[in-house]
Amino acid sequence: MNHLCTNMKSYFILFFLAIIAQHAASAFSLQKQQYQTKAITTAMTITNKRRRSVSLLRMTPRTVYLACDGFGQPLQDAIEEHLTSQDNVQVQNLGSDTYYDAAAKVATHMQKDKDPNSFGVLFCGTGMGVGIVANKFKGIRAATCENTMTAKYARAVNNANVLCLGNLVTPPETAKQICDVFMKQGFVDHPTNEEGEKVEWWSEDVETFLKSSMDGVENVENQAQQRK
């Protein structure tokens, strides 16, 4: 009889242990499922935000002012054809002139155009001459770019609003890529490298500084004008 009672106790203990183990397994499985669901939901949210951001950039109407000198004419022709094929871009070709007059034309139009989605693109032999002159105009932040990374950083960090390209140093296909990146990259938006990964040097401190940097630039411009 004692032996039977012992066996019954062992049986009930094993039975309850099995039930506990089953509940624990079910709870773990449920928790794992909830974690996976949350992870999938988060990933989908991030993806959707990125898609909406890219879609918005593609849909945002923008005016692009072009001008060049004789050396930059072939590259301007290629970029104008590239930009006019995009539904959301209105191109204003201000013609060919000396590099300094071409720069002045684009800079003046940009000063009058208060739309932050508008850009200027200047062309000469190296992109440097037009950039030097354009930057003499208040509110103009011209950047000479020879690759896509400098174009991204010029927009993300310096809020550049005029792109300068050189026909003697930049092939048309590369220039098209630079132009597209320049217009898509936002100011104080975390840029990505060539592999599409966010650059590691970006931080909250960088963003905090950049958000007030345009005020600092404007103060320096005003001080420079007062000294004249």
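In this predicted model, Leu66 sits across from Asn93 of strand S2. That pairing belongs to a longer run of contacts, since S1, which spans residues 62–68, and S2 line up in the parallel sense over six bridges. Two further positions help to trace the run: Arg62 faces Val89 in S2, and Tyr65 has Gln92 of S2 as its bridge partner.

S1 has a second neighbour, S3, and here too the pairing is parallel, this time over five bridges. On this side, Val64 can be used as a landmark, with Phe119 in S3 as its bridge partner.

Zooming out, S1 is part of an open sheet of five strands, arranged in the order S2-S1-S3-S5-S4 with parallel pairing. The edges are taken by S2 (89–96) and S4 (142–144); each has a single partner strand, so one side of each is left without a neighbour in the sheet. On average, and ignoring direction, neighbouring strands of this sheet are turned by 20° against each other.

How well covered is S1? Mostly covered, as it turns out: seven of its seven residues are buried. The side chains split between two directions, with Arg62, Val64, Leu66 and Cys68 pointing one way from the strand. Thr63, Tyr65 and Ala67 point the other way, and both sets are buried. Leu66, the residue opposite Asn93, therefore counts among the buried positions, under 20% relative accessible area.

Then there are the helices. H2 (residues 73–84) lies across S1, S2, S3 (119–124) and S5 (162–166), and runs at about 160° to S2. H3 (residues 99–112) also lies across S1, S2, S3 and S5, but its direction is given relative to S3, at about 180°. H2 has a further part to play in the layout, as S1, H2 and S2 together make a right-handed β-α-β unit.

Put together, the picture around S1 is easy to follow on the structure. The strand has S2 on one hand, paired over six bridges, and S3 on the other, paired over five. Both H2 and H3 lie across S1, and each residue of S1 is buried, whichever way it points.

Methods:
Residues are numbered from 1 along each chain as its sequence is written. This is a predicted model: local features need pLDDT of at least 70, side-chain atom pairs count only at pLDDT 80 or more; totals for chains, interfaces and linings use all residues. Side-chain values use heavy atoms; hydrogens and water are left out. Two strands pair if DSSP finds at least two bridges between them. Helices (H or I, at least four residues) and strands (E, at least two) are DSSP runs, numbered from the N terminus. Axes are lines fitted to C-alpha atoms, for helices over the stretch in contact, and angles run from 0 to 180 degrees between N-to-C directions. Contact means heavy atoms within 4.5 Å. A crossover is right-handed if, with the strands pointing away from the viewer, the path from the first strand over the helix to the second runs clockwise. Buried means under 20% relative accessible area, exposed over 50%, partly exposed in between (1.4 Å probe, protein chains only).
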